[in-house]
Amino acid sequence: MNRKNIIFKNVSLGVFYKIINMAIVFTTIPLLLNYLEKEQYGIWVTIFSLVNIVFFMDAGIGNGLKTKLSEALSLQNFKLAKNYISTGYISIFLISFVVLCTGVGCIFLINLQDLFNTAIPESELKTVLFVTLFLVITSFVLNLYKSFYYANQQASKVELAMLIYQITVLASVILLLHFFPRKLLFVALFYGCLNIVIGIIFTILFFKKNKEIRPSIAYFSKEKVKDLMGLSLAFFGIQLCMIVIFTTDNLIISNLLGPSKVTNYDVVYKLFQAIITFFVIAQEPFWALYTDAFQKKDFSWIRKTIIRLNKLFILFVFIIVGLFFASKPIIKIWTQRDLQIPMSLILFMAIFVLIRVYGIIYMTFLNSIGKVKLQFWLYLFGAIINIPLSIYLVKTFDLGSSGVILGTVFSILSLTLILPIQAFKILKNQQTN
């Protein structure tokens with residue numbers, strides 16, 4: 001296997017797709033803001049981020065499958081790969097059913113007007129939330145195709161899928177602007193249905209080229225559930241913590257400060273998220289390659305790769321600093337609005353991005369070899385302090401939405417400080433054995 005060629009192909013294609021992808025996202029956001037206006041846009045962003053918690057509820061099977069499937073394919077054990085895929089699908093389907101039933105119960109028991117701090121009718125909020133939940137859960141099952149492509153060292157295909165999705169979303173928002181009345185329900189239907197269509201297409205394409213590992217109910221294995229869950233339960237614990245740390249910000253802001261403040265936060269987040277995404281693309285191909293190299297005891301390659309990524313991070317720091325100073329005029333030109341965004345929000349978002357990205361360098365390696373126990377305890381600590389700390393910073397220091405992202409910064413700081421030490425310690429121990 002030529003790792004350099006795999007990395008170059010996936011990263012270069014991934015970056016190419018993502019540049020176009022992000023250009024489309026940046027075009028879509030002001031159009032969607034014009035369609036919904038500020039309060040409804042804030043509500044939609046909050047609902048969408050809340051419902052997308054579903055993607056963290058796979059009991060870690062997505063990540064566990066990515067690692068186990070990568071190992072099976074590396075050994076060309078196609079029967080084992082088929083076992084893992086079949087078991088993964090059935091497990092995800094059962095989890096989805098439970099999540100759907102639980103979610104529907106919560107929708108009809110909770111007062112959504114109070115939760116979102118809005119005057120939008122309760123019946124409309126419940127309908128939109130139910131439709132979004134149902135469509136997202138359907139996508140949740142279909143999106144297992146992403147683990148297949150990652151494990152098969154075709155990470156760029158996932159970015160291609162996301163690019164096609166964003167193109168269709170942009171086209172849909174243009175249609176909404178010109179031919180549909182302003183309703184959250186229409187947005188929910190377009191976003192949800194398009195994701196399902198993309199999931200079906202890329203699943204079919206993968207198994208058309210990999211017929212020998214197509215899923216089958218007959219290949220479901222209870223033993224493989226235990227095998228996957230042995231690794232995946234740790235991932236699941238991490239994902240539950242990530243729900244608290246990364247997906248509650250919009251809900252906290254909406255509840256404490258109002259939906260319009262979510263719009264400001266979301267615009268700044270998406271601006272910086274564009275930069276995070278490029279770094280994540282560069283990381284994705286390494287998961288399967290780290291697993292392969294670790295299996296073959298090529299620890300020297302792993303160490304050199306991590307050092308190179310650290311050097312790349314230095315360039316990333318300069319980019320973030322530049323974006324910090326240029327962000328206000330960029331946002332004004334981009335949204336064609338003066339959103340009156342405080343510099344403290346931009347500063348703390350920049351710090352969050354730097355801390356998050358540096359940690360990803362080491363999380364990718366540690367996740368790929370299944371060393372996630374320490375990571376789980378650090379995430380658990382972050383999850384415990386995140387919400388109360390965010391609320392405290394908002395209320396006590398009157399930091400507004402800036403206090404929420406600052407709370408997130410403190411919640412993930414320990415990961416960035418400790419995981420590099422763990423990674424190099426593992427490599428040192430392996431090389432001396």
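Here's a quick tour of a pocket, a surface patch and two loop residues in this structure. Keep in mind that the model is predicted.

Let's start with the largest pocket, which holds about 480 Å³ of space. It is lined by 18 residues, and the ones closest to its centre are Leu50, Ile53, Gly103, Cys106 and Leu133. Helix 3 (78–109) is one of the helices that supply at least two residues each, along with helix 1 (3–51), helix 4 (112–116) and helix 5 (122–142). Helix 3 gives the most, with seven residues. As for chemistry, the lining is made up of 16 nonpolar and two polar residues, with no charged ones.

Over on the surface, Leu374, Phe410, Leu413, Leu417 and Ile418 make a nonpolar patch of about 400 Å². Four residues of that patch come from helix 15 (residues 401–432), the largest share. Ile418 sits in helix 15 too, and it counts as partly exposed because its relative accessible area is 33%, which falls between the 20% and 50% cut-offs.

Now for the backbone. Two residues that aren't glycine have a positive phi: Asn117 and Asp398. Asn117 is in the loop between helix 4 and helix 5, while Asp398 is in the loop between helix 14 (373–397) and helix 15. Here's how they line up:

| Residue | Phi | Relative accessibility | Class |
|---|---|---|---|
| Asn117 | near 60° | 36% | partly exposed |
| Asp398 | about 55° | 68% | exposed |

So Asp398 counts as exposed because its 68% relative accessibility is over the 50% cut-off.

Methods
Residues numbered from 1 in each chain as written. Predicted model: local features only at pLDDT ≥ 70, side-chain atom pairs only at ≥ 80, totals over all residues. Heavy atoms only, no water. Patch = residues over 30% accessible without salt bridge, like charges linked within 9 Å, V, L, I, M, F, W, Y side chains within 5 Å. Areas by Shrake-Rupley, 256 points an atom, 1.4 Å probe, with all protein chains shown as cover. Salt bridge = Lys/Arg side-chain N within 4 Å of Asp/Glu carboxyl O. Buried < 20%, exposed > 50% of the residue type's maximum accessible area, 1.4 Å probe, protein only. 1 Å grid on protein atoms, 1.4 Å probe; cavity = no way out; pocket = protein on both sides within 12 Å on 5 of 7 lines; lining within 4 Å. Points joined across faces, edges and corners; volume = space filled by probe spheres on them. Nonpolar A, V, L, I, M, F, W, Y, C, P; charged D, E, K, R; others polar.
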